[in-house]
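Work through the following exercises with the structure open beside you, and try each task before you read its solution.

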Amino acid sequence: MDGPGASISGQSSLAGARLAVEELNASGGIAVRGVRHHVRLIERGYENRSDDASSQARALINLDSVDVLIGPQLSPHAVAASSVAEEAHVPMISPMSSNPATTQGKRFVFRLAYLDAVQGEILARYAFKRMEARRAAVLFDVANPYSRDLAALFRKSFEALGGRVVTGEFTSDELVEFRPALRRLAATRPDVLFLPNMALVDSVQMRQARSLGMTATFLGSDAWDPPSLSVVPEATGAIVARQWHEEMPQAEVSGFIARYRARWGEAPRATAAMTYDAIRIAAMAVGRAGTLDGASVAMAIARFGPFTGAGGTVRFTGTGDPERNAVLTVIRGRSDSIVEVVAAR
Amino acid sequence: MTERSRSRLSPVRLATSFIGQSLRVRMTVAFGVAGGLTVVLVSGVSYERARRALRSVVTERLTGVADRRAVDVSRWITQQSDLVRFIAGIPSMTDGVPLLVSGRAATNGPDPVVQRRVTAVLDSARRAGVAVSELTVMSARGGRVLASTNPGEVGTYHVDDLYFREGLRGPFTQNFYPSHHLGRPTMTAAAPVRSPDGTVVAVLAAHLDLRQIEDIVEQKSGRMPIEVYLVDRFSDPVSADRFRRVDVRRGLHSLGIDSALSGHDGSGLYLNYAGVPVIGIYRWIPERELALIVESPQAAAFAPARNLLAVILSIGIGAVALMAVVAHRIAGHVASPILSLARSAERVAQGDLDVRATVATGDEVGFLAVSFNQMTHRLRKLVEDLNGQVAATMAALDALRENQALVQGIVDNSAMLVAVIDFDGQFVLVNRHFESLFARRREDILGRAVVEVLSERDAESLRQTVSAVHNGGEVAESEIIVSTPDGDRTFLSVSFPLRHADGAAYAVGIVASDITERQRAEAERRRLELQMQHAQKLESLGVLAGGVAHDFNNLLAAVHVNAELALAEAPGHVRQSIQQILVATRRASELTRQMLAYAGKASLERRTVDLNESVRDLLELAKATFSKKVELRMDMSPQPMWVLADSAQISQVVLNLLTNAAEAIGDRVGTVTIGTALVPHDQNGAVGDASRATTDVRFTVSDTGKGMSEETKRRIFEPFYTTKASGRGLGLAAVLGIVKSAGGRLSVSSVEGQGSTFEILLPSAEAPIEAGRGPISDPAMGAATGCVLVVDDEPMLRAVANRVLSRMGYEVIEAADGVEGLRLFKQNRERVSAVVLDMTMPGMDGAEVLRQIRQCDADVAVIVVSGYDARNTAVARSLDPAVEFLQKPFGIDDLVAAVTRGARVRA
């Protein structure tokens with residue numbers, strides 16, 4: 001019998017998934033109605049396109065006959081793949097996707113991250129209240145629904161608080177030259193610059209922004225990768241909304257970090273921890289449902305929790321979006337540290 | 001129902017037995033089976049070949065279809081692509097689109113007018129029959145939708161989509177892919193839109209309407225049912241509706257589909273996605289990343305083959321059935337002589353040997369019939385001979401059986417013991433006597449070893465007998481003792497060997513007669529003989545003793561009387577000696593009396609005697625006999641103890657007992673107790689004429705002497721038995737004789753070491769009228785008158801009597817024998833007062849004389865003098881109660897008293 005299969009983007013996610021599966025099998029696999037089953041991890045990578053994401057999801061479902069889909073991480077891809085999973089009645093858990101469209105109106109699709117609405121809200125609030133910022137600028141990828149929607153949500157929250165927001169757009173086929181847009185934004189002399197963009201892009205943007213003389217504090221979204229920003233001096237002081245942080249207090253988090261280090265020889269990223277939890281939750285849901293039937297497993301996930309794992313504590317309350325905490329961190333040199341923890345619903 | 005009968009009735013068994021039993025049926029069935037197999041083979045092969053042929057035909061057809069459809073699909077796709085390119089190049093587009101792009105840049109939004117115009121172009125293009133579901137124009141930068149046949153698309157970004165990226169570079173058709181945007185799998189043809197100067201400003205993309213593909217694919221072709229469909233690389237059918245999407249959630253799978261998706265082209269027989277057996281062609285169209293499947297159901301495809309099979313089978317079986325019928329007839333024809341022969345054989349088997357088989361043909365079957373007849377003929381003769389032999393044998397057997405029964409009867413009923421034992425020591429035959437003797441049944445004896453039936457000792461002796469016969473082979477006679485349930489019995493057995501016809505011995509026969517009784521009788525006879533001899537010895541002894549005593553008595557009488565006479569006239573110094581003589585003669589006479597008593601011949605002078613008196617008389621003598629150490633105790637009854645007995649004998653008895661008592665004590669201190677008493681008469685044991693007495697006189701003598709052993713007690717009354725050194729052993733014998741003849745009983749009790757008690761019981765008598773004092777009455781001498789006749793053959797006795805009687809005053813006449821005595825008596829009858837008559841005389845004996853005298857004179861006194869002749873005495877007494885008895889030897893006083901009494905009576 002095949003166990004859950006996963007479509008993973010990113011090495012880190014893969015590492016987390018592999019560790020989770022190894023541990024599961026080492027303890028005898030999943031018990032379904034008293035019979036123990038081995039968990040098999042089927043990995044498919046896809047090109048950085050939504051249609052390929054959904055294609056690979058299709059392949060996993062039709063050709064590999066997976067029982068559970070884990071991923072994709074990036075929201076556009078997750079949204080594309082989610083419709084495939086929903087149609088095929090195969091449960092899907094996207095560990096990191098925060099765009100609401102991923103789970104909206106679907107029975108079989110779940111996430112572990114908190115929604116962009118929350119993200120936008122907490123960033124706006126922090127900037128306005130803590131940093132006492134009154135003018136915010138946002139540079140976002142108009143072609144990327146994640147970036148686009150998150151920018152809009154931030155704007156809505158910040159303006160609701162009483163601030164002013166100016167936005168600038170780019171499209172993801174322009175990965176290198178943002179200065180024209182940045183110039184325009186810098187002219188408004190913002191206090192904070194929100195960059196809800198993918199990793200790599202964000203560091204280029206920060207550098208270019210600084211080079212233009214902008215002094216605004218950068219605000220980052222959960223698409224940022226703080227560990228890789230440790231070598232970007234411009235990133236210091238940026239406030240980042242994150243799904244996960246290694247300093248989270250739960251014992252499971254530190255335990256996971258230790259095991260991950262022992263297995264892979266390096267520190268885990270957020271995607272690793274969240275993917276790890278996704279697989280564990282999927283396995284436990286299958287065990288609880290007592291069957292591999294998609295509908296039953298989906299129902300089991302929908303009522304799952306409170307579950308405390310490597311990625312913190314989550315609790316599903318009947319939809320694909322769980323209750324969990326959100327974390328704001330500040331980048332200081334080589335690492336970032338938590339500044340605020342907010343309960344997200 | 002049992003296992004066997006159940007199986008017997010099973011259809012298979014019935015069938016096989018039925019077939020087996022009938023020749024015709026077997027032949028027919030064989031033919032039928034052969035024919036049937038042939039038919040089956042032929043039809044099978046035909047079917048298979050037909051199938052193969054059909055398969056290749058269908059496959060060829062399907063392949064043709066597949067080829068054509070594949071071409072059609074490709075062409076159609078190419079057509080769409082070309083169409084899109086064409087549209088992208090029309091002036092309306094090349095003019096309008098750049099404006100849209102630039103307008104956007106300027107006013108932050110597309111010019112609505114231009115947009116409308118471009119949209120109209122798109123719409124008309126679509127309507128014109130192009131198989132497109134949506135046409136979209138996207139700006140080259142960012143992929144933003146500038147215009148679309150789907151208004152909702154405007155403003156969205158497609159920078160991510162492959163067709164956009166590729167479309168920027170040139171015409172591109174994105175192969176079947178799941179479109180999130182459309183919500184279903186689709187194909188998209190894209191082409192760049194160039195501004196007049198040739199730069200790419202936008203991409204025109206057309207999402208194709210796949211229903212047209214369906215139609216292409218679904219064209220019917222011929223009358224064969226064919227299913228043609230396309231499957232993408234994810235196993236999803238291109239036209240999902242047709243497959244009812246719900247069922248294909250995880251894609252379509254079958255051998256054909258999976259093979260095609262793995263890049264192979266081919267054909268085969270397999271189950272399609274719905275499990276239906278099909279003939280299928282599968283093709284992979286790599287440039288389109290599509291699998292083309294053409295399938296036709298096998299059921300329909302192979303129907304002709306099946307039909308062929310059915311036809312061949314039915315015709316074939318029909319033909320075979322027909323031929324079977326013909327074969328049946330032919331077989332019948334062939335089989336009929338065989339069957340007729342079989343029937344004849346059956347009759348023979350049932351016992352009819354007179355049957356003859358018909359010889360119908362000249363072939364092997366006819367020859368068989370001829371041989372059959374010869375066989376039955378010979379068989380018949382054989383049977384007759386055998387029957388004769390059997391009858392003879394049966395008769396012989398009967399005779400033998402009768403003989404056997406006869407022998408068995410004799411053996412069984414023999415009063416002798418008959419047994420046959422083989423050389424293994426086992427019983428082969430026993431008769432009834434044997435059975436009853438050992439209280440066992442034949443069945444428990446035959447076949448068993450001798451040791452199991454008889455005791456060890458008997459078995460051993462029998463074994464010796466058997467082995468003796470076995471080894472010696474001769475008849476042997478022996479006496480054997482056998483223990484039976486009734487005790488040991490003695491048999492005289494004859495054992496002889498039993499031989500087979502060849503003379504070899506195989507067993508031992510034993511015939512034994514029971515001689516136990518005979519032996520016992522023998523033993524008894526011998527014992528009695530011995531006893532009689534003993535008795536005779538005693539008797540002769542008695543006779544001897546009697547004879548001696550008698551003669552001796554006579555002599556003693558003479559001595560005694562003369563001694564008494566001498567004593568009367570003897571001078572003083574001689575008197576002592578003469579008294580000694582008298583004592584000695586008295587003692588001698590005691591002795592002879594004892595002997596006579598023992599011999600039973602003592603003449604009895606029965607008178608009523610007082611036992612006490614007798615005892616008192618003897619007391620002095622007794623005391624003299626006893627030693628000083630012996631105390632004498634008296635326990636006498638104060639009354640007189642009258643008994644009817646001879647006083648002398650009583651005295652003898654008393655004296656003997658006292659003597660014995662004293663001697664028992666011997667030299668030691670002891671006590672002798674004498675007792676007399678009257679006791680009630682004990683009827684038991686009384687003998688003789690004393691049975692009327694009601695009381696007995698008991699006389700006991702006890703001593704505390706050494707007592708007697710059992711053996712001594714038994715023998716003390718035997719004559720000549722004595723434990724004393726002296727003595728002749730006659731004392732107690734005499735005592736016993738006396739007591740018995742007096743009608744009494746004598747018993748002795750003794751405990752060795754303590755003492756003995758002799759007890760005599762005598763019937764008591766009435767007191768005499770006259771208490772005569774016995775022999776010592778003293779009539780006056782010389783006072784008598786009259787004449788006495790003395791008849792005695794002894795001259796000495798005559799002389800003695802003469803003197804005594806003369807002294808008494810009588811005149812004495814002597815006669816020497818009976819005849820003379822009678823003569824003298826008759827001569828002197830008046831004068832004779834008494835007659836002294838000796839009973840034992842030669843010639844006429846005393847009894848006769850007495851009779852004759854009585855004839856003459858009835859009441860003359862007769863004094864009978866007897867020696868030992870008790871019988872004669874009894875006779876005499878019975879004749880004449882007035883007779884007086886005088887026992888020899890008698891004393892003078894006795895004679896005097898007797899004469900006096902007799903004379904007195906007379907007088």
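The exercises below concern a predicted model, and each task is followed by a solution in steps.

**Exercise 1. A sheet of four strands**

Task: Find the open sheet of four strands in chain B, and work out in which order its strands lie and which of them are the edge strands.

Solution: Begin with the order, which is β6-β9-β8-β7 in chain B, with antiparallel pairing. Next look at the edges, where β6 (227-232) and β7 (266-271) of chain B each pair on one side only. If direction is ignored, neighbouring strands of this sheet are turned by 30° against each other on average. For one pair in detail, take β7(B) and β8(B) (residues 277-285), which are joined in the antiparallel sense over six bridges; in this region B:Leu271 stands opposite B:Pro277 of β8(B). Finally, add the helix α3 (residues 23-89) of chain B, which lies across β6, β7, β8 and β9 (290-297) of chain B and runs at about 35° to β8(B).

**Exercise 2. A sheet of five strands**

Task: Trace the open sheet of five strands in chain B, and then say which helix packs on the sheet.

Solution: The strands follow one another in the order β11-β10-β14-β13-β12 of chain B, and their pairing is antiparallel. At the edges are β11 (427-430) and β12 (476-484) of chain B, each of which pairs on one side only. Strand β10 (residues 417-422) of chain B is joined to β11(B) by three bridges, and the two run antiparallel; there, B:Ala419 stands opposite B:Val430 in β11(B). The helix that packs on the sheet is α15 (residues 456-472) of chain B, which touches β10, β12, β13 (487-499) and β14 (505-514) of chain B, and whose direction makes about 160° with that of β12(B).

**Exercise 3. An enclosed strand**

Task: Explain why strand β19 of chain B can be called largely enclosed by the rest of the structure, and identify its pairing with β18(B) and with β21(B).

Solution: Start with burial, for which a residue needs 20 or more other C-beta atoms within 10 Å of its own. In β19(B) (residues 695-703), seven of the nine residues are buried, and the strand is therefore largely enclosed by the rest of the structure. Then follow the pairing: strand β18 (residues 670-680) of chain B and β19(B) pair in the antiparallel sense over nine bridges, and the bridge partner of B:Ile674 in β19(B) is B:Val701. Strand β21 (residues 755-763) of chain B is joined to β19(B) by eight bridges, again running antiparallel, and here B:Val697 has B:Leu762 in β21(B) as its bridge partner.

**Exercise 4. Two residues of chain A**

Task: Decide whether A:Ala285 is buried or exposed, do likewise for A:Tyr46, and list what each touches away from its neighbours in sequence.

Solution: First place A:Ala285, which is found in helix α10 (residues 270-289) of chain A. Because A:Ala285 has 26 C-beta neighbours inside 10 Å, this residue counts as buried. Leaving aside neighbours within four places in sequence, A:Ala285 is in contact with A:Val297, A:Ala300, A:Ile301 and A:Phe304. Turn next to A:Tyr46, which lies in the loop between β2 (35-37) and α2 of chain A. With 22 other C-beta atoms within 10 Å, A:Tyr46 is buried. Not counting residues up to four places away in sequence, A:Tyr46 touches A:Asp52, A:Ala53, A:Ser55 and A:Gln56.

**Exercise 5. Cores and the contact between chains**

Task: Describe the largest nonpolar core, and then the contact between chain A and chain B.

Solution: The largest nonpolar core has 111 residues, and those with the most contacts inside it include A:Leu139 and A:Ala282. Helix α10(A) supplies the largest share of this core, namely 13 residues. A second, separate core of 76 residues includes B:Ala88, B:Ala190, B:Ile226 and B:Ile257. For the contact between the chains, count 19 residues from chain B and 23 residues from chain A. On the side of chain B that touches chain A, strand β3 (residues 172-179) of chain B gives the most, with three residues, and the residues of that side divide into six nonpolar, seven polar and six charged.

Technical notes. Residues numbered from 1 in each chain as written. Chains lettered and ligands numbered in written order. Predicted model: local features only at pLDDT ≥ 70, side-chain atom pairs only at ≥ 80, totals over all residues. Pairing = 2+ DSSP bridges. Axes fitted to C-alpha atoms, helices over the stretch in contact; angles between N-to-C directions. Contact = placed C-beta atoms within 7 Å. Nonpolar A, V, L, I, M, F, W, Y, C, P; charged D, E, K, R; others polar. Buried ≥ 20, exposed ≤ 12 C-beta atoms within 10 Å, placed from the backbone. Core = buried A, V, L, I, M, F, W, Y, C linked by C-beta atoms within 7 Å.
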